[in-house]
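Here's a friendly walk through a protein model for someone meeting it for the first time. Have a look at the chain first, then read on.

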Amino acid sequence: MPQASDPSTDKEATPGKQASCIPRFDALWFCYSPVHQFKQFYRVGNVDDCLSYWNDLYDCLRQRTKYKDPVRLLKLQHQSIPCMY
């Protein structure tokens, strides 16, 4: 039976590339599977809310969507301001 990979053990991305969020999504998907939920209920006595997996995925997606270039960010912010004329 395949286990969800732990996002903290993913291979680090090369300096120019960002890490993929797919392993974090897969771990979240596995968390909601009946296999994981039954195992969690048997071991702990309650079902897993998968909150830690949501947080990992959210943090990854947030990191991937940050603007690295401050000039580009300023241009985008300036374009979003409506013209008064």
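What follows is a short tour of the helices, the disulfides and a few individual residues.

To begin with, keep in mind that this is a predicted model.

**The overall picture**

The chain has four helices and zero strands. If you read along the sequence, you get the pattern α-α-α-α. There are 85 residues in the chain, and 18% of them count as buried. The accessible surface of the chain adds up to about 7500 Å², and carbon and sulfur atoms own 61% of that.

How much of the contact in the chain with a separation of 6 or more comes from residues 24 or more positions apart? Those residues account for 48% of such contacts.

**Two disulfides**

The structure holds two disulfides. Here they are side by side:

| Pair | S to S distance | Torsion about the S-S bond | Apart in sequence |
|---|---|---|---|
| Cys 21 and Cys 60 | 1.9 Å | about -95° | 39 residues |
| Cys 31 and Cys 50 | 1.8 Å | about -95° | 19 residues |

Let's take the Cys 21 and Cys 60 pair to start. The torsion about its S-S bond is about -95°, so this disulfide is left-handed. Cys 21 sits in the segment before α1 (22-31) while Cys 60 belongs to helix α3 (residues 51-64), so the bond ties together parts that are 39 residues apart in sequence. Are these two cysteines buried or exposed? Cys 21 is buried, with a relative accessible area of 9%, and Cys 60 is buried too, at 8% relative accessibility. The reasoning is simple: buried means under 20% relative accessible area.

Now for the pair of Cys 31 and Cys 50. With a torsion of about -95° about the S-S bond, the disulfide is left-handed. This pair links distant parts of the chain, with Cys 31 in helix α1 and Cys 50 in the loop between α2 (34-44) and α3. Both Cys 31 and Cys 50 are buried.

How do the bonded cysteines pair up when you number them in sequence order? The pairing is 1-4, 2-3.

**A closer look at Cys 50**

Cys 50 deserves a stop of its own. Its phi is near 60°, which is a positive value in a residue other than glycine. The residue is found in the loop between α2 and α3, and at 0% relative accessibility it counts as buried.

**How α1 and α3 meet**

Two packed helices are described by the angle between their axes and the distance between the axes. For α1 and α3, the axes come within 9 Å and cross at roughly 160°. That makes α1 roughly antiparallel to α3, since an angle over 145 degrees counts as roughly antiparallel. The crossing of these two helices, α1 and α3, is left-handed.

Which residues meet there? On the α1 side you'll find Arg 24, Phe 25, Ala 27, Leu 28 and Cys 31. On the α3 side, their partners are Tyr 53, Trp 54, Asp 56, Leu 57 and Cys 60. Two names from the disulfides turn up again here, namely Cys 31 and Cys 60.

**One more stop: Ile 22**

Ile 22 is part of helix α1. Is Ile 22 buried or exposed? Ile 22 is exposed, with a relative accessible area of 55%. Its C-alpha atom is separated by 10.0 Å from that of Leu 61, a residue 39 residues apart from Ile 22 along the chain.

Conventions:
Residues numbered from 1 in each chain as written. Predicted model: local features only at pLDDT ≥ 70, side-chain atom pairs only at ≥ 80, totals over all residues. Heavy atoms only, no water. Disulfide = S-S within 2.5 Å. Buried < 20%, exposed > 50% of the residue type's maximum accessible area, 1.4 Å probe, protein only. Contact = heavy atoms within 4.5 Å. Areas by Shrake-Rupley, 256 points an atom, 1.4 Å probe, with all protein chains shown as cover. Axes fitted to C-alpha atoms, helices over the stretch in contact; angles between N-to-C directions. Parallel < 35°, antiparallel > 145°, perpendicular 65-115°, else oblique. Left-handed = near helix turned anticlockwise from the far one by under 90°.
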